[in-house]
Amino acid sequence: MSCVDAKTIVEGTDFEKKHTPLIECKDVVKAGELFEVKIHSAGVDHPMDDNHFIQFIEVKMGDITLVRVDLTQYVKPDVVLYLKAPSEEHKGYEMKLSAYMYCNLHGIWKYEKEIKIE
Ligand SMILES: [Fe+2]
């Protein structure tokens, strides 16, 4: 598994960028707030062909799987979610979102983002 960081998004190769499940959302959310999260490849579209495509995208908060989307070659590998931020007692903490993207030829790729809860 390749875990890609923010530097890769800017300086990485096209191969790295098309396999990286970039997480796009606010850096700070209010406790209990519903907020939008977009997951998509980092600036370079991954092919979605019969023999080479993204098979699934999964999103976790810490160890908890929030959603897993199974895909076929007929679907653009972009996901939009509306997540509910943790409740008041988590104020001041950060939650870690992890996105996983699985390519049938090039394996699983991971990207993480910390989000502050206020
Ligand atoms: Fe691939």
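**Strand pairing and core of the predicted model**

The protein contains two helices and nine strands, as seen in a predicted model. Along the sequence, these elements follow the pattern β-α-α-β-β-β-β-β-β-β-β. The radius of gyration is 15 Å, close to the 13 Å that the globule rule gives for 118 residues, so the protein is as compact as a globular protein of that length. The C-alpha trace spans about 45 × 30 × 20 Å along its principal axes. Of the 118 residues, 23% count as buried. Among contacts with a separation of 6 or more, 59% are accounted for by residues 24 or more positions apart.

Three strands form an open sheet in the order β2-β4-β7, and their pairing is antiparallel. The edges of this sheet are taken by β2 (21-24) and β7 (79-84); each has a single partner strand, so one side of each is left without a neighbour in the sheet. On average, neighbouring strands of the sheet are turned by 25° against each other, direction ignored. Strand β4, which covers residues 34-41, is joined to β7 by six bridges, and the two run antiparallel. Within this pairing, I39 stands opposite V79 in β7.

Further pairings involve β9. Strands β8 and β9 form a hairpin with three residues between them. The two hairpin strands pair in the antiparallel sense over ten bridges, and Y102 stands opposite I108 in β9. Strand β9 is also joined to β3 (residues 28-29), in this case by two bridges and in the parallel sense. In the pairing of β3 with β9, V29 stands opposite I117. Both orientations are known in sheets in general: strands pair through backbone hydrogen bonds, either parallel or antiparallel.

The largest nonpolar core of the protein comprises 13 residues. The residues with the most contacts inside this core are I39, I54, I57, V59, L97, A99 and M101. At least two core residues are supplied by each of β4, β5 (54-61), β8 (94-103) and β9 (107-117). Strand β8 provides the largest share, four residues. I39, listed among the core residues with the most contacts, is also the residue that stands opposite V79 in β7. For I54, the contacts beyond four places in sequence are H46, M48, L71, P77, M101, Y102 and C103. One of these partners, M101, is itself listed with I54 among the core residues with the most contacts, while another, Y102, is the residue that faces I108 across the β8-β9 pairing.

The loop between β7 and β8 contains H90. This residue has 14 C-beta neighbours inside 10 Å and therefore counts as partly exposed. Leaving aside residues up to four places away in sequence, H90 touches A31 and I117. I117 is the residue of β9 that stands opposite V29, and a contact thus links the loop between β7 and β8 to a position in the β3-β9 pairing. H90 and T20 are 70 residues apart in sequence, and their C-alpha atoms are 29 Å apart in space.

Methods
Residues numbered from 1 in each chain as written. Predicted model: local features only at pLDDT ≥ 70, side-chain atom pairs only at ≥ 80, totals over all residues. Pairing = 2+ DSSP bridges. Axes fitted to C-alpha atoms, helices over the stretch in contact; angles between N-to-C directions. Core = buried A, V, L, I, M, F, W, Y, C linked by C-beta atoms within 7 Å. Buried ≥ 20, exposed ≤ 12 C-beta atoms within 10 Å, placed from the backbone. Contact = placed C-beta atoms within 7 Å. Rg over C-alpha atoms; globule rule 2.2 N^0.38 Å.
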